[in-house]
Every structure is written in C-alpha cells, then in structure tokens.
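Student: I should like a close look at a single part of this structure, namely one strand and its surroundings. Please give one connected account that proceeds from strand pairing to the packing around it.

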Amino acid sequence: MSPDARPPTGSAEQIRTFITAQMAVRTFCHAHGYDPDELGTAAARRAADALTAILVELEDRGAVAAAIVASTGIGNSGMSLPHATTVDGLGEGAWATDPLDNTVLAEIIACGLVTGWATGIVARSTGADGRQTAYGWHVQAGAFLPLAEAETFAAYATDSTTGEPAPPPPDLEFADAFDLDLPHPA
C-alpha cells in the first residue's frame, strides 16, 4: 500500500497475491480520487490490528495453533484473491509464522476495507487437546462482523477460488465468531 510496503522475498504465490492486492487498491483509489498511500496504509494497519485481535482471543481461549484464511472478491469479476497461513506457538508468548504471510493477509483484508469488495476471514484454532474450531468474519464498511456458526460453516465449506462446495474436515467444529475489540474506523 505504501511505497515502503514492498514484499520481501517469498514464494511466487505470496508475491503475486501481495502485488495483486496492492494493485487493486491503487486502481480503486485512483478511480475514486483517493490517495492510495494514505488510505491503503490506514487500512493495512486496521487489518493487522484485526488479525492480532483474532490471534489474541484464540490464545485466550486456549488455542496452541491457528490457521487463518482471508479472501476478497475482485469487483464483480467473479474472481477472488485468497491467502492462508498457519500460526504455531500460540500461548508461548510469541507467534511463529511467516512474516510475509502476515503481510499478504493484511493486504487482502485492507483491499476489502478500501474497495468495499466482499471480504472474509476464517480462523481455525487448535487446542492443546487437538480439538479444532472455526470462526468467521465478514468485512463490511470498515467493520469486522462476526459470523454465526452456520455462516462460518458455509464460508469454510466453499472453495474460495472456485466457489464450489468443499467438505470440511470431519473433526472440525464451527462456532459463532467473537466481536473484535477494535477502534471504530476514522
């Protein structure tokens, strides 16, 4: 989003997704008369705050690991821009994850915040007992709206690339998502 937000070296998929999200924000901002660096930076910061709030709450709920998927639709093209990462080490004071994955997730969410395109987040937590629970959020008008259990199931059981049904793992539970304690967007 900002000129200094260039991706570090990573996989081709990570870099392609990062650049696509940035280009979508820049194109949208230019078309609507916004400063992409100013708006994009604020949105990326808000997205990162939301991801942190999700991980903190999952850790407070006893999770030892998490997998997070974020995706945004690209206008009304029927295409989506998804990305996933895993976070190990919850509950150990530091989260072990790929820094570029965090950046790419934040960029995808920021893209949705800036453009208003359909954007969602699904977090799957793993407890110390191995139990897995999925939670979901819809990003709309700068807010992160928690999804009910059935809505999270529907989001999780749909392939974000094709839109086709994809059965979730049989041992995965779904739960109502929690509110994210974030300041209201400016």
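Tutor: In this predicted model, β1 and β3 pair in the antiparallel sense, and nine bridges join them. One residue pair illustrates this register: Ala-70 has Ile-121 of β3 as its bridge partner. β1 also pairs with β2, again in the antiparallel sense and over nine bridges. Here Ser-71 may serve as the reference point, its bridge partner in β2 being Pro-82. β1 thus has pairings with both β3 and β2. Its cover matches the description "mostly covered", since nine of the eleven residues of β1 are buried, that is, under 20% relative accessible area.

The packing around the strand can be followed through Ile-109. Leaving aside residues up to four places away in sequence, Ile-109 touches Ala-47, Leu-51, Ala-70, Thr-119, Ile-121, Val-139 and Phe-144. Two of these names have already appeared: Ala-70 and Ile-121 are bridge partners, and Ile-109 touches both of them.

Ile-109 belongs to the largest nonpolar core, which has 40 residues; together with Leu-58, Trp-137 and Phe-144, Ile-109 is among those that touch the most other members. β1 (63-73) is one of the elements that give two or more residues to this core, and the others are α1 (12-32), α2 (36-60), β2 (80-88), α3 (99-115), β3 (119-127) and β4 (132-140). The largest share, nine residues, is supplied by α3. A second core, separate from this one, holds five residues, including Val-122, Ala-134, Tyr-156 and Leu-172. As a general point, nonpolar side chains in soluble globular proteins tend to be buried together.

The strand may now be placed in the whole chain. Four helices and six strands are present, and their order along the sequence is α-α-β-β-α-β-β-β-α-β. Of the 186 residues, 44% are buried. Among contacts between residues at least 6 apart in sequence, 63% join residues at least 24 apart. The chain exposes about 9,500 Å², of which carbon and sulfur atoms supply 55%.

A word on confidence is also in order. The mean pLDDT of the chain is 79, with 76% of the residues at 70 or more. Residues 1-8 have pLDDT below 50, and this stretch has 24 contacts in the model beyond near neighbours in sequence.

Conventions:
Residues are numbered from 1 along each chain as its sequence is written. This is a predicted model: local features need pLDDT of at least 70, side-chain atom pairs count only at pLDDT 80 or more; totals for chains, interfaces and linings use all residues. Side-chain values use heavy atoms; hydrogens and water are left out. A nonpolar core is a set of buried Ala, Val, Leu, Ile, Met, Phe, Trp, Tyr and Cys residues joined through side-chain atoms within 4.5 Å. Buried means under 20% relative accessible area, exposed over 50%, partly exposed in between (1.4 Å probe, protein chains only). Contact means heavy atoms within 4.5 Å. Two strands pair if DSSP finds at least two bridges between them. pLDDT is the predictor's confidence in each residue, from 0 to 100. Accessible areas come from the Shrake-Rupley method with a 1.4 Å probe; for residues, only the protein chains shown count as cover.
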